[in-house]
Amino acid sequence: MHGWLSARTPGAAHPWAPFAGRIGNGIILALPLSVAFGALAAWQVHGINITATDALVALLVMLNLGRADEQPIAGDGVSQWRPSFAPYPLLFSAIVALITLMTLSLAWAPDRALALKEALKWGEALAVLGFAPRYLRRPGMVARLIAVVLAVAVAEACLGGLQATVFVAGQHVAADRGVRVVGTFGQPNPYAGALNLALPLALALLGWARGTLRWLLLAAGGALLAALLLAQSRGALLGLRGAVAAMAWLGWPPLRRWLAGGAAAALAGVALALATGRLTTAALLARLGWRPLTDAALSADITDANFSTVERLAHWAAAWRMFLAHPLTGVGAGNYAIAYAAYAVPRWPLALGHAHNLALHLLAELGIGGLLCYLAIVATSIWLLLHTWQRAVAAAQPPTPQSLSPFRVFRGISWFACSTVPQSFASCLSLGMLGAQIAMVIQNGFDDLTTHSLLVAWALLLACSQSLPLDRLIRGEQPESER
């Protein structure tokens, strides 16, 4: 099957072929902008919102279908793309399996349009993972994309600042936290999740930047952090802490002893308090906001201070009950809110649209298979980013053979890092992408960041990690296609 702009016969160029590479580059660079601002101009088709991001991904697919076995299109710089590391096809397989489950759930989902919408969301991420590396193989394209990602995030942060000051009257107000800014995302949690995809990149690139660029990155990081605090998303802030801790552990070895010592001291203190009876397990869980997922526990002692926490636990309880009722099939992709009333805690009859925990959400909608697919996606994406970071550090400063051994991973991720702080663009960038992934995974434990086209933004970062020609980039060489 031939693509829209591909050659009609092998070796024969289509009249539009010289422009196809430039069009693809433009689509890739426009995607971060459309993720942030595309929802402002959305339109509905049979109850499904269509945004500029959906249109751009569709155009990207049309541009690339049928090109794998043909001559390269002038200007795209790469004739063919093939995954070079095993976790990338494994990640593809896990996403394809998840989309397959969502498609099968059309047979029993009460609202098939919602099920189709969920499958299309993950299908867009799969398309970006498959086609974006074709245009990102040039170091210049990767740098331009990261610049666009950071610029768009700073624009969102500035908008959040305006919402907290000039336009504060029309903002979201929480019972326990007051005014929360939302940017262009309409909700504080996905807004904070979008900021968390850029903030770790800005922090990590500080290790590479010099001069004016370092000051610009410091200013960008400060603006993003301020906007994140104004959004008051506790899941996002927890994710940022996890991302910073992971990046510090891997990228700054002298801190490892302090981080390990602090964690050990905290655990020892909690264990001692539990052992001496000064603190009980129930009291510890209560301080963390946890309650048993029962009707009685989730319906009593509701205050403004604990309202959002108990509300989230009530939705976890409903998701768990959906799974127990449908352990193999779930209630159907996208149908959590439709089925919620039948499984809701009595004090909490209104559905929020998702379970505020992506793993539980997929478990409720797709059964055990959905959870397994999600865990596979998380594991393979983190493994992929760890491998990319290790390759970047190895190319910047060759480690000993023992440091490169994959078997050291089984002794602990802490020894997966090399012994020096990465200072190259590729190593700092890959470390920042790993931090963004960790922040997203942690926040997904309390929210659902598959909304607002954030899956496309996530897929772009993973495509960057696979596309970087790391060895050549660090040595300052150009790919063969650019020589």
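Lys121 counts as buried in this predicted model, because its relative accessibility is 17%, below the 20% limit for that class. The partner of Lys121 in a salt bridge is Glu118, with 3.0 Å between the closest N and O atoms. Glu118 also counts as buried, its relative accessibility being 11%. Both residues belong to helix 4 (residues 112–131), where Lys121 and Glu118 are 3 residues apart and therefore separated by about one helical turn.

A search of the whole structure gives 2 salt bridges. Besides the pair within helix 4, there is a salt bridge between the side chains of Asp447 and Arg312, at 3.3 Å from N to O. Here the partners come from separate elements: Arg312 is part of helix 13 (residues 307–325), while Asp447 sits in the loop between helix 18 (425–443) and helix 19, so the pair ties together parts that are 135 residues apart in sequence. Asp447 has a relative accessible area of 2% and is therefore buried. Arg312, at 16% relative accessibility, counts as buried too.

It helps to set these pairs against the chain as a whole. The protein chain contains 20 helices and 4 strands. Of its 483 residues, 49% are buried. Contacts across the sequence can be followed as well: when residues at least 6 apart in sequence are considered, 76% of the contacts join residues at least 24 apart. The accessible surface of the chain amounts to about 21,700 Å², and carbon and sulfur atoms account for 68% of that area.

The interior offers a good next stop. The largest nonpolar core is built from 95 residues, and those with the most contacts inside this core are Ile28, Ile95, Trp122, Leu136 and Trp458. Helix 19 (residues 454–467) supplies the largest share of the core, with 11 residues. A second core, separate from this one, has 22 residues, including Val310, Met322, Ala339 and Leu360.

Trp458 shows how one residue of the largest core meets partners from elsewhere in the chain. Once neighbours within four places in sequence are set aside, the contacts of Trp458 are Ile95, Trp122, Ala125, Leu197, Ile377, Ser381, Gln437 and Met440. Two of these partners, Ile95 and Trp122, are themselves named among the residues with the most contacts inside the core.

Leu145, in helix 6 (residues 139–165), gives another view of the interior. Its relative accessible area is 1%, so Leu145 is buried. With neighbours within four places in sequence again left out, Leu145 touches Ile28, Leu29, Pro32, Leu136, Leu460 and Cys464. One of these contacts can be described further: Leu145 and Leu460 lie 315 residues apart along the chain, yet 9.1 Å separates their C-alpha atoms.

The surface has a nonpolar feature of its own. Leu328, Ile368, Leu372 and Leu375 together make a nonpolar surface patch of about 400 Å². Ile368 is found in helix 16 (residues 368–396). Its relative accessibility is 34%, so Ile368 counts as partly exposed, in a range that runs from 20% to 50%. Ile368 thus contrasts with Leu145, since Leu145 is buried and Ile368 is partly exposed.

Technical notes:
Residues are numbered from 1 along each chain as its sequence is written. This is a predicted model: local features need pLDDT of at least 70, side-chain atom pairs count only at pLDDT 80 or more; totals for chains, interfaces and linings use all residues. Side-chain values use heavy atoms; hydrogens and water are left out. Patches are made of residues with over 30% relative accessible area and no salt bridge: like charges are joined within 9 Å, nonpolar side chains (Val, Leu, Ile, Met, Phe, Trp, Tyr) within 5 Å. Accessible areas come from the Shrake-Rupley method with a 1.4 Å probe; for residues, only the protein chains shown count as cover. A salt bridge is a side-chain nitrogen of Lys or Arg within 4 Å of a carboxyl oxygen of Asp or Glu. Helices (H or I, at least four residues) and strands (E, at least two) are DSSP runs, numbered from the N terminus. Buried means under 20% relative accessible area, exposed over 50%, partly exposed in between (1.4 Å probe, protein chains only). A nonpolar core is a set of buried Ala, Val, Leu, Ile, Met, Phe, Trp, Tyr and Cys residues joined through side-chain atoms within 4.5 Å. Contact means heavy atoms within 4.5 Å.
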